[in-house]
Each structure stands twice: as C-alpha cells, then as structure tokens.
Amino acid sequence: MVGPGPAPLENANPLIYRRSGERPVTAREEDDELPDAIDDREIFDPAHLIRSINDPEHPLTLEELNVVEQVRVKVNDAESTVSVEFTPTIPHCSMATLIGLSIKVKLLRSLPERFKLDVHITPGTHASEHAVNKQLADKERVAAALENSHLLEVVNQCLSARS
Amino acid sequence: GVKDGKWTVLQLVEALGFCLENPDPRTRGRGIQLLSQVLLQCYSLLQEKEVLHLVLFYESRLQDHHLVIPSVLQGLQALSMCEVLSPGLAVSVLKAIFQEVHVQSLPQLDRHTVYSIITNFMSTREEELKALGADFTFGFIQVMDGEKDPRNLLVAFQIVRDLITKDYALGPFVEELFEVTSCYFPVDFTPPPNDPHGIQREDLILSLRAVLASTPQFAEFLLPLLIEKLDSELQSAKLDSLQTLTACCAIYGQKELQEFLPSLWSSLRREVFQTASEKIETECLAALHALSACLSRSVLSSDAEDLLDSFLSNVLQDCRHHLCEPDMKLVWPSAKLLQAAAGASLRTYHRVTRSVLPLLLEQYTKHPQSSQRRTILEMLLGFLELQQKWGHVEEDESTLLSLQAPVCSVVFSALTDPSVQLQLVGIKALTLLGSLQGFLSSSDLELVVDHLIRLALHEEDSQSSEAAMEAAGSLAPIYPKVFSGHMVPRLEKELQSEREESSHSHCSLQQRCLQALAAVSTHTSIVRETVPVLLQHLQKVQKGSEAGNTQDMVSVCQSLHRVALQCQQDAEGCWYFHQTVVPFLLAMAVQAAMQESTHLLGKALLEEEVLAAMVPVISAATTHLSPELAAQSVSHVVPLFLDGEVSFLPQNSFPCSFQPFGDGECLEAQRRLVALLMAFVCSLPRNVFPQQEWLLRELLALSCSCNCPFTATTAAKCFAGLVNKHPAGQQLDEILQLAVNRMEPSLAEGPCRMQALTLLLWVTKALVLRYHPLSSCLTDKLLSLLGDMELGPAAADGFSLLMAESPDVLHKGCHADVRIMFRQRFFTDNVPKLVQGFHRAGPDVKANYLKGLSHVLNHLPRPVLVTELPTLLSLLLEALSCSDRVVQLSTLSCLQPLLLEAPQIMSLHVDTLVTKFLNLTSSPTMAVRIAALRCAHALTCLPTPVLLPYKARVIRALAKPLDDKKRLVRKEAVAARGEWFLLGSPGR
C-alpha cells in the first residue's frame, strides 16, 4: 500500500490530534496600558512558537502528532525560565534529536535573551532519552550542529511556515 | 488586377509562364509564390474549370524541388478554400500530399499550411474524405507524427478530435492514432517568456485531453497510461491524469473500465491516503466520483456481473475499518473517499450508506470521548448532506428513514454533550435533518425546539448559543407553525419573567431572548408574533426606571433591526413591519421628547445611543418598500416633522405640539428626533420625494445653528442624503447655492465654525459620490481648511469620512447615487493638490496634509494603490517620521502591501525603510508597534541579496520587541524575527 514515496515512513498511520484553535484575543490584550506576562500558552502558540513546527517526516505539525502539548510547557516569566518536554511518536524515533533541536532553535530565535531554556524528552518515552537530553543541553554541541549546513537546512525546513 | 476582374487567372499564368517553367528552382519558386499569393487573395472568384487546372498544376509541383514546396502548399491552401472545387479533387490533393511530401521535414509555417489544408477540406468535403476510409486517417497520422511545435499541435489535436467525433473511419489505426497523440501526455511545456503567440500550457493540456477523452476506443490504451502516470513523482502529471480520467468517465461504460478497476482504485486510494496536497486529494475524489457515476450509468445485461456492486464492495472493504479509528490519520481520507463514491448516484448512495450509516451510529455509541464523537458525527453529517442532494426519496427505499430513531438519538445526545465543538456539529446535523422533508416527526420537532431553546438561552458558550439561533432561523420557515406555536411563547414568557436573582445573569438571559426572537423571525407568520413582543418589551423597558436600561433598549432595537433585514425580501412582511414598527417608534420618541421638560421619566429613549440604534431599524424597514407604499408613508411622516401632524401615531394625545424645527430652548429634545426623520427620508427609493424645498431649508438652518453637535450633525447628514438623491436641475442648484452662502460666513469666523465644517463635509461627500460639478469647488474649500490652525485637524479627519462607507446614509443600500469609481476619481483629482499643499504648508499644519492623504490612500482599492503608490513613495517615507500616530499607522498599512507586491521598487529604499521600521517598533502605541513589525516582516519579501547586509542588525533590533509587554506585539516580533533568521539560510 505504501507507494514509491521518498522513503518508507517509520510510522505510516500515526495517531493524530486536533489542532487547538487560535488563541482568542482578549480585550485586555488590546488595551495599550496593561502588560501581559509570557505564559505557557504563548510559548506553545502558533506564530509564537513550537506548536506549528513541522515534523521532519510527516506533513503534520508537532501539535497534530502530540509531540508537544501545552501541559508539558512550563514558563516562569519572573524567573526567566522555560522548560519544554516533548514526546517522540514512537520510542525508537530516530528523529528525536532533530525534533528537539528544532524546538530549541525556534525558542532561541523567539524568546528574549533573558530566558534560560531547557528542552528535553518526556521521561520514559524514548529508548535513548538520556543521550538525546544530554546533546540538547550542551550549548556547544547545539552551536556546532547549527554550523552544519545540512542540519541547519533540515531545521529551517521544520521551522518554515507551511506552504 | 485579378481581384477586380481585369485579368483572368489564365492570363496571369500565361504571363508567368516563363518563370513557372524556369529550370532554376529559385526562379520557379518565385513564380509559384507570386501565383499562390494572388490565389490567396482571390480564391473566391475562381471558376470551376480554372480550379481544376490549377489543382492539377500544383499537384504536379509537389514533386518539385524542396525550395518550391512552401509556395506550392500555399497555393493548395488557397485552392482548398474554393467553394467550386469539383468532387474528387480534395481527395486527390490530400493523396498527393500524403504521398509526395514529408511533412515533418518542413519548417513550422509550412507544416501549419498542411494542417490548414486538411482542416479546410474536413470542414467542406467531409463526405469525400470519408470515402477515403482509413487511408485518410493513416495519411494524417503520418503527417503529424513527430510534430513538436505547440502552435501546430493545437491544430493537429483539433483535427484528431474531429476525426473521432465526426466518425471518420479509423480502421486498424486506432492504436497508431492513440500513439501519435498520447506521446504528448502529460503535457510538459512552459511558454517562453515574452511569447507572442500566447499559447499556455493549459491550452495544450485541455486540447490534448479533449482528444484522449473523446472515444471509448482509446480506453484499452489510455487507462494503463493514466495508471502509470498516477504513480509518477510529478505532481502535475498526477493532476493531469486524474483530470483526464474524470473526463473519460463521462463517455466510458463499464466495458471499458472493467479490466482496470482494481488498479485504478488502488492508485486513487494510495494517493488520497498519502498525499499532502489538497489539490491532488480533490482531484482523486472527483475521479472516484466520476468512476462511480459512470458505473452506475451503465445498463446491466441480466447475466453480467454487477461491476458497480463489486467496485463499491472493494471501496467499502478498504475504507470501512478506518472509520472505526476516529483518532487515526486515515479516518478522514476514508470518509471522503466513501462520500465521493456515495455522491455519484442514488444507487451508490444506497449501497454505501446501507453499510456505513449503521457502522457510524454504532461507533458513536462505542466511543465515549467528545472529540472522537465529534469526528464520527461530522462524517455522519457528510453522508446526510448527500441525502439532501437526492431530495425527497421514496420511503421504502431510504436507508435513512429506517435509521430515523438512532440518528435522532445520536444527534440529540450530541446536543446535550458538554463539549461545545460536539454541540456545534450536532446543531448542524439537526438543521440538516430538519431540511429533509418528512424526516422528523412532530414529537421530534417539539424536542428539537426544546433543545434549541435550551442551547440558545442557557448554554454558556456563545458559539453554541448563536449556532442554535441560526438553526432556529433556518428551520423556522420550514415548520412555521411549530416555531410560532412553541418557541415564540416560551421566549416571550422568559422575557417577561421578573426574577430577583443576580441581575447580571438575568440580564444576559434577556439579551439571549431578544436575540433568539429576532433569529427565529424568518417567516412572515412568525414575524407577526415576534414584533409585538419586541415592541412591548421596548415599552416596558422605557417605563422601567432602572439604570442601564439604555443598553436594554439598544438591544431591542438591534433585534428589531435583524427582523427588519430578514423580512426585507418579502413584500408583505416588509410592509407589515414598516407599518407596525415605524409609527410605534416615532410615537414613543415624540412622547418622550414632549415629556422631557416636565419630568425625567423616559429620557433614556432620547439618548444618542438609543436614537442611533433606532436609525438602522427605520432605515431597514424603509429601503425595500415599493414606491407606492413608501409615498404613502411619506405623507404621514414628513408632515409630522414639518407641521406637527400627529394623528397617525398610535397614541396621539400629547400635552403640547411637536415642532422640531421651531425656535426655543425647550425644543432641544424634540430636535434630536431629526435622527429618526433622517433614517426614514434618506432610505426612501430614489423616485419618492418628500416635500423637498421646505424640508431642505429647515434642515440647513438647523445644521448651521444648533448647539448640540448630535443634532447638528444629524441634520447635516439628512440634508446631504437628500441632496445626493435630488434630481439635477435649477432647484438643486438653488438649494446648493443657499447652502454655500450659509456655510461660507460661518466657516470664516463665529461660534458655529465646527457645525459649518460638518455640514461642508457631508455636502461634499454627497456631491463627490454623484460626480456633481460643484464637488470640486467644495473639496478645494476643504483642502484650504487643512491649513487652518483651529479646524485643520478636524478637516484632515474629514477625509476619512469622505472616503469611507457611511453606515446610515449615503450608501448604496439606501438608494444613494454612488458612482463606483468615485474613490479613484477623488484620488486623481485631489492627491496632487494635497501633495502640493503639504510642500507649501507651515511646519505646524504639515501633519494635517499627511493625515488627509493617508485617509485617502487607506480607502483606495488595493490594486489601484499598488500602481499609484510609487509616485508618492518619497512622501510616505517622510510621513514615517511624522509624530502623529494616525499618520504613522496609516502609512505603515499603506507600505505593507506595497512591500509584498512591488518589492523591486521598494528595494531602492531599503536603507530608509529598515531604519524607520525599526525605530517605530519602540513607539509608545501598541498598534504602531504591531504595524511596524508587520512591515519589518514584509521586508523579507524583497530580494534576499538586498537584505543580507541588514540581517544582523535587524535580528539584533528585533530582540527587543520579543520582550514587549504586550503579547500581540511579541507575536508579530516572533514571526518577523523568525523570517529574518531564515533569510539566506539553507532550507528556506
């Protein structure tokens, strides 16, 4: 049934989840005077962030694959920390590092510099969880990975708006 | 000479004799060329005999030197157009060409000539050519074999199509004919840039498709080709194959399809299951639809296998089980495939629904989660919608009727589910079931009404409540008795109930009741029930003394407005509404205005908000009246205002007389009612006139002298609305002169400058809209006021009033005289003056000009704006530095589309743009920050090499708005910064 596509998919009929709607704009947000704190939803939200990142191998977003969920995003605006847990679709997903890297890069580009980022795999959902987490936490390795133009290309593709 | 008849062709040939027989091929060629050109000019004058000889001559020349051939073909082309060609000659010419000329070695133009000859003969000598039998087809195949030029291909495809559709004998050459055309499939052609012939890829695709899909005889060759191309990697090839398949199904029968059905189905299924492209999915579904329709059409011979049945069994077998997994990715593709097949014919519909509907109903009960149920119900809804397509179905056959009870219980359970999303789908399904005639029993209907009332009034989520009201509105005309008998009384009771509980929830309940009453008023008989309820409620609110009843009155008016809009199309309902509501509102208002001087009760009715809410009600009740009825109404309402004639009002005993245009302090309240007069007279059809003269004078006086801005503005609007519709002529000129005479001195000085400016603005608008000659004079006056220290800013804002659509008067809906291009015209006439004025103006009023300009630009249609803006670009760039935020905002919103649509011009100014946009991202106004960030985002559309030098700087500068205190600003900053990061990076 799988046709002569580019390569056979690791998971051809994945479970998909409904996309949550756009965050409605409240009157408070339109008021010029009141400040709005950065919250979990904002980190998760579409233009604003990781929800709309594309999966490297499916034409679906990470939200639709339930790789990221709003409950697994923790933000503390006052202390300037962000923590994101992501869940690979299958325990042996070879794309886990790449997905983590995409999330990390997206956040680096989109958050004020004061924030300290922590991106890791939801505990117990991936075979080589520890190794991937270590790679993602290592600043120098992340920087080095982004020097690699092939890797950067794949990451940028994940971050490009869906055509 | 030959044309005029002075020479005969024979004489010409004799004169050319030397040339024609010259041994040098070049000279011979020239001679024949001359002769051919003469023939092309005057083929219609030739005699039968002459033609015969010429044909024989030319045929013999076909064997001549290759230099001569082009001219020979031209000559034959001329002769092929002769009507007097004797029988047999066409055949002999074609035979000669087929035999002697190797067409594909000729240049493009000469090949084209050959095709023309064939086309000409085919259109005039069909019988003769058919006598040639399959030889003709074979000859043509040889002619076109290997053709490469798109211009010729279009002609050749047309010939093939005619061969097939006009029943020429194809003989044993069907496959050859197919080969010679199908080798171009799928068409891969990109027209060269600046192509003068204007042949598009699409032209070739369509004309080739017309050939391939013209006969079932091609089926055995074409279908394998289509299946092969469907497997191709190229998206365009897939699309073309699918569309061609759909086209073929229109003429194929099951005999042609039989052999290929399994592989066609597996290709289609694969594409729908795997594709990421919506376009391919749509085409696949269309093809499946066409296939099923084709199979349903084919008449069955009694012993043959029912192909449709086995085909659908396959489809069902492959798709059905996916429907049981409402969380998985394939559930929707499967449902869509099944729906495409089911929509093809009544037979397919029954076959599919018989199997799927019970399954879906069962799955609904099996899956308790709301989100899963929603998916299932949405699929069910899709199948129900198809039922609608077949209209009323005989009862014994309908699967749906046999499932009536379970379907209803599923839908009702969705309506009581806590999930709003599921409720919404449930409401949609309910509306659909209601529209299927005879599906819902009367007890079901009462249940439906109960559910709708509950959702409309008590459901917390406003989406569900609105959807329920909509549903009530669309079902009410189908079951008017049920709704007027059950729903209206229930709503009325709710509305009247006085409850002591917290006033807030009571308040919102009342609101909902009002909205629901309006929503359900979609049938005349229901309108007659709801309007009195609404009016009574309005009166009750007015008599009540609670604070905040302004808002309640406004809500009632909004409901009345909605009812008015809903009954506009129905003449009877419209007149009923007008006759009932307009006098009632006027009476209430007049009464309130009279009492006001003595006691405060009922004053709320005269507040601007409430009067403003009544305006659209009266207006909507008036615009659709027939001229006769409108005139009848005019004869009551206008005397009320001019003479205080109150006799037509429902309660007409008033303590004093009504004189809104009279002098005197205590009449202030009465004057405000001019708003209601405006709503009425400005909405009349154009051929109904109130007593213009007197009325216009009174309005003019009021607008210039009244101290209350609301009244003065309303009077000015009313005056403008009437002037706009006034027929041209002396009367109009006089009244306008009068207006100008009143305005001039008040504008110059005195306490009423502001009122005079308002009047000027509205009158100018009225005249600009109808292209009246005086409008330019008034506009100039307005332009000169931009330099005025006191009135300048107001005059600048006035430009937005001139260009924008006004909600209550002077728009198309109230029959105003509006020319479609008035904005463009205003732009070309006045923008140069604005620019000039800007350059001449003193520094403290410059901003007024910029503001005026930006209002004009903001209302211009986008396409016009983009073509005109480059000339204004330098001014706009200057406007970015202006400190007025209205100017900043409108300039940014002008520049943003320009960046997207004219990146080349904008690249020239990239330095200025980057600097200014980045500066404005720290503006104190949120809207400006957002607009500036959007522009910074749009900058990424400029050519990348232009931008790269700024990349680092922009990315650094955009880090700051990432930490903006407003979320909406941060959102734009993230989008813009992300896009800048991608610039010039791999993988963008």
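# Exercises on a predicted two-chain model

Of the 988 residues in chain B, 57% are buried, where buried means under 20% relative accessible area, exposed over 50% and partly exposed in between (1.4 Å probe, protein chains only). This is a predicted model, in which local features need pLDDT of at least 70 and side-chain atom pairs count only at pLDDT 80 or more, while totals for chains, interfaces and linings use all residues. Residues are numbered from 1 along each chain as its sequence is written, chains are lettered from A and ligands numbered from 1 in the order in which they are written, and side-chain values use heavy atoms, with hydrogens and water left out.

## Exercise 1: the two chains

Determine the secondary structure of each chain and the overall dimensions of chain B.

Step 1. Helices (H or I, at least four residues) and strands (E, at least two) are DSSP runs, numbered from the N terminus. Chain B has 50 helices and zero strands.

Step 2. Chain A has six helices and three strands, in the sequence order α-α-β-β-α-β-α-α-α. Buried residues account for 45% of its 163 residues.

Step 3. Along the principal axes, the C-alpha atoms of chain B occupy a box of roughly 120 × 75 × 70 Å. The radius of gyration of chain B is 39 Å, against a value near 30 Å for a compact globule of 988 residues; the radius is taken over C-alpha atoms, and the globule rule is 2.2 Å times the number of residues to the power 0.38.

## Exercise 2: salt bridges

Classify the salt bridge partners of chain B by their place and their burial.

Step 1. A salt bridge is a side-chain nitrogen of Lys or Arg within 4 Å of a carboxyl oxygen of Asp or Glu. Over all chains, the structure holds 32 salt bridges.

Step 2. B:R697 and B:E693 form a salt bridge at 3.4 Å, N to O. Both residues lie in helix α35 (residues 692–705) of chain B, four residues apart, about one turn of the helix. B:R697 is partly exposed because its relative accessibility is 40%, and B:E693, at 24%, is also partly exposed.

Step 3. B:K717 and B:D808 form a salt bridge at 2.8 Å, N to O. B:K717 belongs to helix α36 (residues 709–725) and B:D808 to the loop between α40 (792–803) and α41 (822–840) of chain B, so the pair ties together parts that are 91 residues apart in sequence. Both B:K717 and B:D808 are buried.

Step 4. B:E972 and B:R934 form a salt bridge at 3.2 Å, N to O. Helix α50 (residues 967–982) holds B:E972 and helix α47 (residues 926–938) holds B:R934, so this pair ties together parts of chain B that are 38 residues apart in sequence. B:E972 is buried because its relative accessibility is 13%, whereas B:R934 is partly exposed at 40%.

Step 5. B:D231, B:K238, B:R270 and B:E271 are joined into one network by salt bridges that share partners.

## Exercise 3: a buried helix residue

Decide whether B:V740 is buried or exposed, and locate this residue.

Step 1. B:V740 is in helix α37 (residues 730–748) of chain B.

Step 2. The relative accessibility of B:V740 is 18%, so this residue counts as buried.

Step 3. The C-alpha atoms of B:V740 and B:L759 are 9.8 Å apart, and the two residues are separated by 19 residues along the chain.
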